Amino acid sequence: MIKILIVEDEEPISNLIKFNLLRAGYTCTQAFDGIEAADIISNEHFDLILLDIMLPGINGYELMDYIKSIGIPVIFLTALGELNDKVKGLKAGAEDYITKPFEMVEMLARVETVLRRYNKASNNISILDIEIDVNSRNVIQNGVSVPLTMKEFELLLLFVRNKNIALYRETIYENVWDSTYMGDSRTVDLHVQRLRKKLGWENYIKAVYKIGYRLEV
């Protein structure tokens, strides 16, 4: 099980991050100041740390110096959004830098990317009646291979990695098609319909009124 430490002094934000990570299948521990985080890190192993910069006790940059010696990957989550702040954070050794406020789907995608970079992300996913091999891009349903197009496969991964979360059409489009959403929902709707039909998931991939879709598990 992937273990993630959330170091964030604002409890509502920390709890929201934890809630979404738990739903995505990760194990989470919370720390609310830099000193508490340092104590936890010295006693437990983690696969990834989500680290705020402006922390009481020890700030994120100071804590980063300690974390680098252990070799745990770090993603900064911070309200400091200027370019020089981002450059400073990346030069300090962070794998990524996310500026608040951010969408949870974006955070989950970046977490997955960093974990893959460190060969810690799961390459085999079991959900409902299917098995997904991420490396081979193969989907097996009840022992039978299901042929999916590249976009259908990316759409499936997005739903699976964000299960039980309502995804806006623009979020789906920008993550799967990797381009700016221009307000035309037909592309997203058509691919969702095809994916539902191929998997027989009409009762699992639900339309969410005025928003988009959600995979209900």
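**Exercise 1. A charge over a ring**

Over the ring of which residue does the charged end of Lys-3 sit?

Solution. The structure is a predicted model, in which local features need pLDDT of at least 70 and side-chain atom pairs count only at pLDDT 80 or more, while totals for chains, interfaces and linings use all residues. Residues are numbered from 1 along each chain as its sequence is written, and side-chain values use heavy atoms, with hydrogens and water left out. The criterion for a charge over a ring is that NZ of Lys or CZ of Arg is within 6 Å of the ring centre and within 35 degrees of the ring normal. The ring in question belongs to Phe-46, and the charged end of Lys-3 sits over it, 5.2 Å from its centre.

**Exercise 2. The surroundings of strand β4**

Determine how strand β4 (residues 74-78) is covered, and with which strands it pairs.

Solution. Helices (H or I, at least four residues) and strands (E, at least two) are DSSP runs, numbered from the N terminus. Step one concerns burial, where buried means under 20% relative accessible area, exposed over 50%, and partly exposed in between, with a 1.4 Å probe and protein chains only. Five of the five residues of β4 are buried; Val-74, Phe-76 and Thr-78 point one way from the strand, whereas Ile-75 and Leu-77 point the other way.

Step two concerns pairing, which requires that DSSP finds at least two bridges between two strands. Strand β3 (residues 48-51) pairs with β4 in the parallel sense over three bridges, and Leu-50 has Ile-75 as its bridge partner in β4. Strand β5 (residues 96-99) also pairs with β4 in the parallel sense, over four bridges, with Phe-76 standing opposite Tyr-97.

Step three adds the connection: β3, helix α3 (residues 60-70) and β4 make a right-handed β-α-β unit, right-handed meaning that, with the strands pointing away from the viewer, the path from the first strand over the helix to the second runs clockwise.

**Exercise 3. The two sides of helix α3**

Identify the buried residues of α3 and decide how they are arranged about its axis.

Solution. The buried residues are Gly-60, Tyr-61, Leu-63, Met-64 and Ile-67. Seen down the axis of α3, these residues fall within an arc of 145 degrees (taken from the directions from the helix axis to the C-beta atoms), so they line one face of the helix. Asp-65 and Ser-69, on the other side of α3, are exposed. Finally, with contact meaning heavy atoms within 4.5 Å, what covers the buried residues of α3 includes β1 (3-7), α2 (34-43), β3, β4 and α4 (83-91).

**Exercise 4. Aromatic pairs**

How many aromatic pairs does the structure hold, and what is the geometry of Tyr-61 with Phe-76?

Solution. Rings of Phe, Tyr and Trp (its six-membered ring) pair if their centres lie within 6.5 Å, with planes under 30 degrees apart counted as stacked, over 60 as edge-to-face and the rest as tilted. The structure holds four such pairs. For Tyr-61 and Phe-76 the ring centres are 5.7 Å apart and the planes stand at 75 degrees, so the pair is edge-to-face. This pair links distant parts of the chain, since Tyr-61 is in helix α3 and Phe-76 in strand β4, 15 residues apart. Both Tyr-61 and Phe-76 are buried. A stacked pair is formed by Tyr-173 and Trp-177, at 5.2 Å centre to centre and with 10 degrees between the planes. Returning to the edge-to-face pair, Tyr-61 and Phe-76 belong with Tyr-97 to one aromatic cluster.

**Exercise 5. The setting of Tyr-173**

Locate Tyr-173 and state whether this residue is buried or exposed.

Solution. Tyr-173 is found in helix α7 (residues 169-176), and with a relative accessible area of 18% this residue is buried. When neighbours within four places in sequence are left aside, Tyr-173 is in contact with Asp-178, Ser-179, Thr-180, Tyr-181, Thr-187 and Val-188.

**Exercise 6. Backbone exceptions**

Find the cis peptide bond, and describe the positive phi values of Asn-142 and Lys-210.

Solution. Most residues other than glycine have a negative phi, and most peptide bonds are trans. The peptide bond from Lys-100 to Pro-101 is cis, with omega near -5 degrees, and Pro-101 lies in the loop between β5 and α5 (104-117). Asn-142 has a phi near 55 degrees, and is found in the loop between β8 (138-141) and β9 (144-145); its relative accessible area is 63%, so Asn-142 is exposed. Lys-210 has a positive phi of about 65 degrees and is likewise exposed, with a relative accessible area of 69%.
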